[in-house]
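Q: Please help me take a close look at the salt bridges in this structure. I would like to know where the partners sit and how open their surroundings are.

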Amino acid sequence: MAATNILKIENLSFERNDALLFEPVSFELNSGEALHIEGANGAGKTTLFQLLIKLLEPCTGDVYFRGQHLSQCHFEYLSDILFIGHQSAVKAALTVEENLSWMSPDGTSTEKITAALQFVGLEHYASIPCYRLSAGQHRRVALARLMTTSATLWYLDEPFAALDKQGVGFIENCMQQHLDQGGCIVFSSHQDLVKIAARSYRLNPLREVV
Amino acid sequence: MHNYLSAGFIAYLTRDLLLGVRNKTDLVKPLIFFLLVSALVPLSIAPEAERLAQLAPGMIWIFAVLATLLSVERLFSDDLQDGSLEQMLMSPNLLIMPILGKITAHWVMIGLPLTLLSPVLGVWFSLPTVAVTPMMLSLAIGTAVLCLIGAVGAALTLPRQGGVLLALLVMPLYMPVLIFGSATIQSAVDGLDWTAPLVILVALLAIAIALCPLAINAGLRLAKNG
Amino acid sequence: MNLNMQWTWFHRLGSPRWFYQKTQRWLPWLSLLTLSLLITGIVWGLAFAPEDAKQGNSFRIIYVHVPASVVALAGYYIMAIAGAVGLIWRIKLSYMLMRSAAPIGAALTFIALVTGAIWGKPTWGAYWVWDARITSMLILLFLYLGVMALRHAYSSHEAADKASAILGLVGMVNVPIIYKSVDWWQTLHQPATIKFTGAPSMHPDMFLPLVVMIVGFYAFYAVTLMLFTRAEILRREYRASWVKQLVSEKLVEK
């Protein structure tokens with residue numbers, strides 16, 4: 001199977017207070033591939049993710065999605081990506097099930113949601129409000145989205161933070177499955193992954209010390 | 001396409017209403033504030049019915065402005081903190097609909113209860129009964145404008161949720177609403193035609209619905225860069 | 001972005017360095033013009049213009065009050081338009097102009113309010129009346145202060161620039177609405193005696209020095225805006241090689 005190019009980044013850079021944060025970023029990602037963004041704390045990993053999900057406007061650089069320049073396929077791109085950041089986007093007042101079904105695409109069946117909760121080991125917590133869960137369980141609720149989403153391109157910023165070993169195992173399985181199905185993952189992590197074969201990309205900070 | 005447009009609106013409207021119902025204390029606070037400051041007026045001025053009735057239109061509107069100002073600060077800040085703002089901004093659809101959905105939910109939880117409570121203030125301040133309907137209409141429409149303008153300020157001050165900064169940004173923009181809102185009640189008290197100022201309030205609402213979401217959208221996108 | 005590349009003049013106009021060097025040449029001439037206009041206007045207005053039939057000599061404060069108000073209001077639009085240009089074409093210089101325009105406009109609004117109050121005492125018997133224009137000026141002052149305060153909510157000045165520009169635009173839409181509603185409110189509550197006659201009905205001997213003063217204030221505004229913007233350029237571009245060179249040249253001179 002010939003790998004199709006999903007994402008191509010050329011010279012992406014970002015300025016804050018008139019100073020570049022990191023060396024311009026370029027990489028390519030084909031279907032079925034995972035890319036591990038490495039970099040010390042403060043290197044700009046989170047900023048890079050925010051550039052990739054179009055939360056920030058880059059200073060220079062081009063993004064191509066499935067061979068098309070992003071300005072030509074904005075809607076298609078945003079409908080086909082999933083982002084899970086540092087903050088879980090889990091509403092404390094809603095129950096686990098409500099949170100998951102709110103975050104899943106419209107028309108996701110209840111069976112699928114139950115299955116996703118089962119996968120991350122939260123099936124007995126479905127109707128419990130999230131403020132009663134631990135930080136790691138919060139994280140699991142957020143990551144259960146990986147099971148219900150239909151997006152091809154996943155952006156995961158520190159997905160394993162706060163998870164226990166079992167949780168990491170679940171998520172790694174899930175990521176592997178996605179890659180096998182031809183999906184793409186860009187992620188950052190300070191933990192070494194056991195299962196997933198990923199290329200790494202080193203983000204070099206340029207921040208001046210003032 | 002039509003479905004996409006309305007979906008964002010209804011999804012955010014129902015979610016925020018549900019969140020509001022779950023955190024009832026947050027809902028009740030501005031209303032208690034509204035009633036409490038109103039109770040201070042007779043104490044600080046005079047419990048004479050005539051003087052109170054004279055001050056009532058202005059007072060009711062000032063308290064409504066303060067109560068909405070107090071509550072609008074949190075419109076986006078919870079979403080920023082738990083990360084759901086990022087998810088909202090990533091939406092491929094027009095962001096205007098989720099924004100309007102959130103503001104509508106906010107109005108239902110703040111503006112509408114204020115409107116429904118206002119007859120109590122009318123009784124406290126000996127407002128003539130002819131003025132009650134205009135008062136409620138002006139509050140219902142006016143608080144919607146206040147929510148929209150307040151949301152612009154809330155979006156722009158997100159990185160530093162300063163209550164005073166928000167007040168400084170938003171209060172000057174509230175002036176027209178305050179003027180025409182209290183004028184509606186005043187006209188009714190004076191036995192004049194109160195529909196004219198009310199219609200201007202409706203016009204302000206139309207302008208605010210058209211323009212505020214654009215400014216809010218632009219402002220929210222800066223929050224992450226703060 | 002690619003489109004703008006063709007507009008080389010437009011880009012040059014947006015270059016802080018170009019602005020800094022051009023204004024270096026313009027400033028002496030413009031300052032001279034400002035000074036002569038202001039001196040002519042003040043001397044003409046205070047010493048030679050005829051006394052007002054009703055207000056006597058106290059009316060002469062309009063030679064400061066009216067120009068300050070006019071330029072303060074125009075300054076808000078200049079600021080908001082500079083912000084809009086920055087948002088649309090992403091020109092840094094335009095944001096710098098916007099940032100510099102805010103304190104100048106606020107100061108002029110303040111002058112207009114204070115001179116208005118001083119003028120009000122002998123004319124209406126009170127320092128403050130809730131006249132439509134005065135109230136609008138007060139709100140304008142708050143709008144300026146809001147734009148200035150909002151900067152400090154952001155740690156990145158790119159975001160601060162955009163936020164101020166958005167607020168400026170929101171204010172620009174609102175200024176006429178606020179003015180009209182305050183005007184309407186005032187006719188509802190105030191007797192008509194406070195309304196003063198418009199400028200065109202003034203005697204030409206009184207009116208001409210006023211025109212000179214207004215032009216002088218605009219020139220003064222331009223000079224201060226240039227000075228503020230130049231300082232802003234140096235503050236932001238301190239990493240640029242031309243600024244470093246400039247600084248080393250200055251040090252050698254000393």
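A: Let's begin with three words we will need: a residue is buried under 20% relative accessible area, exposed over 50%, and partly exposed in between (1.4 Å probe, protein chains only). This is a predicted model, in which local features need pLDDT of at least 70 and side-chain atom pairs count only at pLDDT 80 or more, while totals for chains, interfaces and linings use all residues. Residues are numbered from 1 along each chain as its sequence is written, chains are lettered from A and ligands numbered from 1 in the order in which they are written, and side-chain values use heavy atoms, leaving out hydrogens and water.

A salt bridge here is a side-chain nitrogen of Lys or Arg within 4 Å of a carboxyl oxygen of Asp or Glu. Over all chains, the count is 22.

Start with a pair that crosses between chains. C:Lys92 forms a salt bridge with A:Glu15, their closest N and O atoms being 3.9 Å apart. C:Lys92 belongs to helix H5 (residues 92–124) of chain C, whereas A:Glu15 belongs to strand S2 (residues 15–16) of chain A. Helices (H or I, at least four residues) and strands (E, at least two) are DSSP runs, numbered from the N terminus. C:Lys92 counts as partly exposed because its relative accessibility is 37%. Its chain, C, has nine helices and zero strands, and 47% of the 254 residues in chain C are buried.

Now stay within chain A. There, A:Glu38 and A:Arg202 meet through their side chains in a salt bridge of 3.3 Å, N to O. This pair links distant parts of the chain: A:Glu38 is in strand S5 (residues 34–38) and A:Arg202 in strand S11 (residues 199–202), 164 residues apart. With a relative accessible area of 26%, A:Glu38 is partly exposed. A:Arg202 has a relative accessibility of 49%, so A:Arg202 counts as partly exposed too.

Chain B offers another pair. The side chains of B:Arg74 and B:Asp26 form a salt bridge at 2.9 Å, N to O. B:Arg74 lies in helix H4 (residues 74–82) and B:Asp26 in helix H2 (residues 24–44) of chain B, so the pair ties together parts that are 48 residues apart in sequence. B:Arg74 is partly exposed at 40% relative accessible area, and B:Asp26 is partly exposed at 27%.

Finally, look for a group instead of a pair. A network of salt bridges links A:Lys91, B:Arg15, B:Asp16, B:Asp79, B:Asp82 and B:Lys102.
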